[in-house]
Structures are given as structure tokens and as C-alpha cells.
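Thanks for asking me to look this one over. Here are my notes, in the order I would raise them over coffee.

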Amino acid sequence: MKKIVRQQNYLRELINSQENKTITRQILRCVVRAALEPLLDNPESGVVLHRIINKTGLAGLLKRLEFSEIESFDFSDESDNLREKVWADTEFLCVMTHRFVAILLWDNKTDSKNYVRYYSIFNSKLQDEALDIINRNSVIDIKQYQEKFRPDRRDNQLLNLSLRRIIENTDEGAKDAVLGFAEFQTQPKGYTADVREIAHEVKNQLSICDLYSEIIKKYCIKNGIENETILNGVKCIARAVKMANNSLISLKTAQNKELKQCDLKNILDTAEDLTKIYFECKNIEYKVENKANLKIAADEESLISVIINLVKNAAEAFGFEEGEEETNKNGKYVKVKAEKRGEFAVIRVLNNAGKIDNPERVFEKGFTTKNSGSGLGLYICKKAIEEQLGQLKLEHTGDDYTEFVIKMGLVE
């Protein structure tokens, strides 16, 4: 009888060789989208190889790939493309075109289900290492694609390092900010020394994100890459970093909100640009309406942050139903409406995701209905609006719709 020798999981060994830190699944999903969406938005000759077991937050993206004309191959254990089920908890995405090659490998075998270990290569001669491993366990001949799609035979070390730094520092910056705020909340009243130090360190991490987003922008310009998704993504990163920096300045100095005359239309336009990402590949109608040209007294960055938080909560309230058609909204919506009521500007954020449990507690610090929530978001929002002499309340919640209302003072 012939002895069958099981292959090693060489993909996991390759991940170990790059010695990258673990990253959260949320950041991983962002990187997967950044690698695949440019090809989906501008279909051209290319091939996609993927093994994605945990499709949370990515099912819509994969459905788009399935219904596109782009050639793709699934290497999940249920597919017929594997010679042997050897990769276990290891997943990957390989996007190959004449313009770029992006390879992401990640392994779910970590101490926490919320983190993965990853490996990434973009436009590098080292791409063959991962592709050769996949090819050895593939029924399909991948060599033909390795030869066909070679956008740059040189190893672009700067691009690889830049993208890995963005991934790591975005992840670390987010975690540091959360930990810093949590520590701040536990300190006695008037305690600010450690908060200033933490804010300073987080600001340093955000500056790195800002610098590397500029590197990507310059790389795109230099190489004639005019992809709207990438350029808009870099723009939104820069704006988000600026807002985070302003929040840190306020945290360090413990200053009150600085009220100025603001154009509500500009505020809503900016908030809309920054929140569109929450509706990518989701079956939810998103609409922003502003029927009046209103000037309000507000801290612009703080008000934008509150609107972003409310819209994000509204989108997440629907959850995600795998297998839904992208074009079939099923009546789901999130709407932001602004209007004048007497001497006030009113901003309404509505959705029809269903009734909120315990509505009387939504603004209570520490209360959350999310499995991974901190219970701080709406508490911070309400406090921020009140510091701007405004009002935030839950106007209505039921099976028909839920509505949050922000009321701000008008400026003549």
C-alpha cells in the first residue's frame, strides 16, 4: 500500500517568516477591500485567487467578484481546486493584473479570535514564493498566471514597507486610542498627566499614518494610477487623521468646544464622504438630505464626529445577511435629514433596522447592545453636543423606524 505523506502548511511558515504583528479582523477586512476593490471598480484583464473562510463583512465583496467577468478561483475546503486540505486556519487573497499584484496571507491561529497574523506583498518579485506554494496544492495550473501578470519584476521594498506600516500603525493607533480613553475614564477627576502622555503617543502614530498615506498618493501620481477608490480612500484617511488629532488636542488640554459659525451643508457633505464606506457592498439605501442653507454655532470637527458615530450605529444595526443580492435593498435605509425648526437647525438620523432594546439607557455610559461595543459612543456624542449648547436625543424607536435628533442653535 502506498503511503500518503501529508503536506506541510507552507503558507503558515511564510507568514511566520515575515514576522509581522497580529492585526484585528476589522483592519484585515479593510486591507482585503483595498486590494480587491480597484479591480472590481475598474474591471480589466486579471485573475483572483482566494481562500476566505470567515466571510463576515466580506460576503458582499465576494458576491460582486462572483458576478463580475473577472476570472477567479476559490480554494476553500469545499471547492474542487485543492489537491489536499492542508491549509486549515490559513486564508489568502491574491489579486493579479498587468498593473499590480497584491498578495495577502493570514492565519487565524492566534490567542484571540479577533486577531490574525498576516503576510503581505505588493508588486514584488517575491510574489512567486506564495504563488508557488499555492500552485503545489492547486488542481489549476497557476504558473500561467504568474508569467502573464508581472507588472514590475523589481522588488518594490518601499511600497511593501509603506503598506505594512499603514496596516500596523492604523491598528495600533486605534487600539491605543481606545485604551487611552478607557484609562482616562478610570482616573479620578482632575487627573490629566497620563492622558497627555497617551495622547502624545497616539498622535505620533497618527502622524505616521498621515505620512504613509502621502507616500501612497505620490506613488499613484508617479505611476499614473488614477483609481478613484484609492485616491478617495487616501483623502478620507487624511481627513480622519486630522479629526483624530484635533480630538487628541482637546483631550490633552481638557478645553471646551470652540463654537464658531459653520455652514451646515459643508458639515453634512464631509460627514457623507467619510461615512460612505459603511455602506460598501451592503444592501442599504444611504441618503443625505439638506433642504435649507443654514448657518449654525458649532465645533465643526466635533459635530462631524457625532454624525459619523450615529450613521455608523445606524448601518451596523442591520447586521449582515449573507447571500443577499447587492441590488436588492429590501427597503432598508439610513437617512440623514437637516431642516430648520424655529430658531434651531435639526439633524435627523433615521433607519428602519428595528426597535432598540432598553431605549431609556442608550446614552448611559457603559451601556451597549453590541457584542463588541464599549458603551461609550452615544455617551460621548451626547456630551459633545451638549458642550456645543445643543441637544441630542432618541426621538423615536419602534419596529417601523428609529430616529436620533440633533438640535443646534442657528446663527443669523
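**Notes on strand 13 and its surroundings**

1. Let me begin with strand 13, where six of the eight residues are buried, so this strand is largely enclosed by the rest of the structure. Please keep in mind that this is a predicted model; buried here means under 20% relative accessible area.

2. Which strands pair with strand 13? Strand 11 does so in the antiparallel sense, over eight bridges. Strand 12 also runs antiparallel to strand 13, and six bridges join the two. Strands 12 and 13 form a hairpin, with four residues between them.

3. Val 405 is a handy residue to look at in strand 13. Arg 348 stands opposite Val 405, and Val 405 is also the bridge partner of Lys 393.

4. Now to the nonpolar interior. The largest nonpolar core has 41 residues, and those with the most contacts inside it are Ile 296, Leu 303, Ile 307 and Ile 406. Among the elements that give two or more residues to this core are helix 9 (264–275), strand 9 (295–298), strand 10 (333–341) and helix 11 (377–387). Strand 11 (344–351), strand 12 (391–397) and strand 13 (402–409) are on that list too. Which element gives the most? That is helix 10, with nine residues.

5. If you would like one residue to centre your view on, I suggest Ile 307. Leaving aside neighbours within four places in sequence, Ile 307 is in contact with Ile 267, Leu 268, Ala 271, Ile 347 and Ile 406. Apart from the largest core lies another, of 26 residues, including Leu 11, Leu 14, Cys 94 and Phe 149.

6. Asp 263 deserves a look as well. This residue lies in strand 7 (residues 260–263), and its side chain reaches the backbone nitrogen of Lys 265 at 2.9 Å. Not counting residues up to four places away in sequence, Asp 263 touches Asn 293, Leu 294 and Lys 295.

7. Finally, some totals for the protein. The secondary structure comes to eleven helices and 13 strands, and 44% of the 412 residues count as buried. Among contacts with a separation of 6 or more, 73% are between residues 24 or more positions apart. The accessible surface comes to about 22100 Å², and 48% of that area belongs to carbon and sulfur atoms.

Note on methods:
Residues numbered from 1 in each chain as written. Predicted model: local features only at pLDDT ≥ 70, side-chain atom pairs only at ≥ 80, totals over all residues. Heavy atoms only, no water. Core = buried A, V, L, I, M, F, W, Y, C linked by side-chain atoms within 4.5 Å. Buried < 20%, exposed > 50% of the residue type's maximum accessible area, 1.4 Å probe, protein only. Contact = heavy atoms within 4.5 Å. Polar contact = N/O pair within 3.5 Å; in protein donor to acceptor, adjacent residues only side chain to side chain. Areas by Shrake-Rupley, 256 points an atom, 1.4 Å probe, with all protein chains shown as cover. Pairing = 2+ DSSP bridges.
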